[in-house]
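Notebook open, coffee poured. I want to go through this one piece by piece and jot down what I look up.

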Amino acid sequence: MDKKILAIIAVIIIALVAVGAYFATSGGSSDNVVRIGHLPSDHDTALFVAQEKKMFEDQGLTVELTQFNNGGDLMTAMASGDIDIGYAGITPVMSSISQGVPVKVVSGAQIEGSALVAGKNSGINSVADLKGKTVATPGEATIQNMLLTSALSQAGVSTDDVEFTTMKAAQMTDALKAGQVDAMIIWEPYASIAAKNGDGKLIETSGEIIPGHPCCCVAAREDFINNHPDTLKKVLAIHEEATKFTNENPAEAAACLPEDIVPDAELQKGIIADTTFIYGLDADYRQNVMDFMNLEVELGLLDNPLTEDQIFYEA
């Protein structure tokens, strides 16, 4: 083979190796590409607002969004390095941290926002009536699973006396309507949709189960935090801007959500207006998370307590 051709091939191979090494040590992303995971939920409204309003683009960032069925699946993707930043429930995030997954909470996202809904012909009128019933949750490693466990504990019902079954959020209402499950605990807007359509009746909101509880947060892989501090700073500033926009313009923010999440636009406007969206890691939020973490330990959902240093990172 011609020496010039060999030289060209050698240069190409060296370049490819260099690029591979760069991505291997940079958290899988370049300085202007961010891979963000999210759920099919209006809890992530700030993310959808930022994308729709081109806030990322205005900061020179290219965002690759990936939707997951639940927080546990999202955290698995973060553990494998497929996702840099995730909008997920605080429960799966803390569970992942306890298992050694290198992630940190970098901001809050919203408060409360889930509900327990029973089938209209289920005979369920309170949490105590769940004994002997089947309840759908988005998954074991989700905040909804934790909320259901807490609600049962408060009602004096053993989790052994209730059948937990995992379903995708979009399938739950149909299953409830068909009588395949007796109740479901799910994030918005699915709980409100089921109640409005007459497919189910509201038993308790998550705010009634645990008033003011933290729900979704923004988590980031530690290698992304360390290798792309300026990019993370931009993402957090965008999250703050989008959150303020959401709180000030709920109807316009609702219009930014993907169609698969918003089957009822008018209902969604009211849900957004009634939801508390947050940003940052102030002292009150930190304490709220720590209290929630201690409750998870008490309920046996987290083996050992976590420290603030293990959970939080501030840019």
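Started with Ile124, which I find in the loop between strand E6 (114-119) and strand E7 (134-137). For the labels: helices (H or I, at least four residues) and strands (E, at least two) are DSSP runs, numbered from the N terminus. Is Ile124 buried or exposed? It counts as buried, at 0% relative accessibility. My cut-offs are under 20% relative accessible area for buried, over 50% for exposed and partly exposed in between, with a 1.4 Å probe and protein chains only.

Next I listed what Ile124 touches, leaving out residues up to four places away in sequence: Ala118, Asp129, Leu130, Lys133, Asp182, Ala183, Lys201 and Ile203. A contact here means heavy atoms within 4.5 Å. For Asp182 I also noted the C-alpha to C-alpha distance from Ile124, which is 7.9 Å, with their positions 58 residues apart in sequence.

Housekeeping before I go on. This is a predicted model, so I note the filters: local features need pLDDT of at least 70, side-chain atom pairs count only at pLDDT 80 or more, and totals for chains, interfaces and linings use all residues. Residues are numbered from 1 along each chain as its sequence is written, and side-chain values use heavy atoms, with hydrogens and water left out.

Confidence check. pLDDT is the predictor's confidence in each residue, from 0 to 100. The chain averages 90, and 90% of the residues score at least 70. Residues 3-27 stay under 50, and I see 16 contacts beyond four places in sequence for that stretch. Where pLDDT is low, the predicted coordinates should not be read in detail.

On to helix H6, residues 143-155. Its 13 residues reach 18 Å from first C-alpha to last, close to the 18 Å expected; the expected span is 1.5 Å times one less than the number of residues. H6 is largely enclosed by the rest of the structure, because 10 of its 13 residues are buried. Among them I wrote down Ile143, Met146, Leu147, Leu148 and Leu152. Right after H6 comes Gly156, with a positive phi near 75°.

Strand E4 (residues 103-108) goes further: six of its six residues are buried, so it is largely enclosed too. Five bridges join E4 to strand E11 (residues 216-221), and the two run antiparallel. I count strands as paired if DSSP finds at least two bridges between them. Lys104 stands opposite Ala220 in E11.

Then the salt bridges, meaning a side-chain nitrogen of Lys or Arg within 4 Å of a carboxyl oxygen of Asp or Glu. How many are there by this rule? I get seven.

Lys53 and Glu252 meet in one of them, at 2.5 Å, N to O. This pair links distant parts of the chain, 199 residues apart: Lys53 is in the loop between helix H2 (45-52) and helix H3 (55-58), while Glu252 is in helix H12 (residues 250-254). Lys53 is partly exposed at 31%, and Glu252 is partly exposed at 38%.

Asp223 and Arg221 make another, at 2.9 Å, N to O. Here Asp223 is partly exposed at 25%, whereas Arg221 is buried at 9%.

Last entry: Lys244 and Glu240 form a salt bridge at 3.0 Å, N to O. They are four residues apart in helix H11 (residues 229-248), so about one helical turn separates them. I have Lys244 as partly exposed at 35% and Glu240 as partly exposed at 28%.
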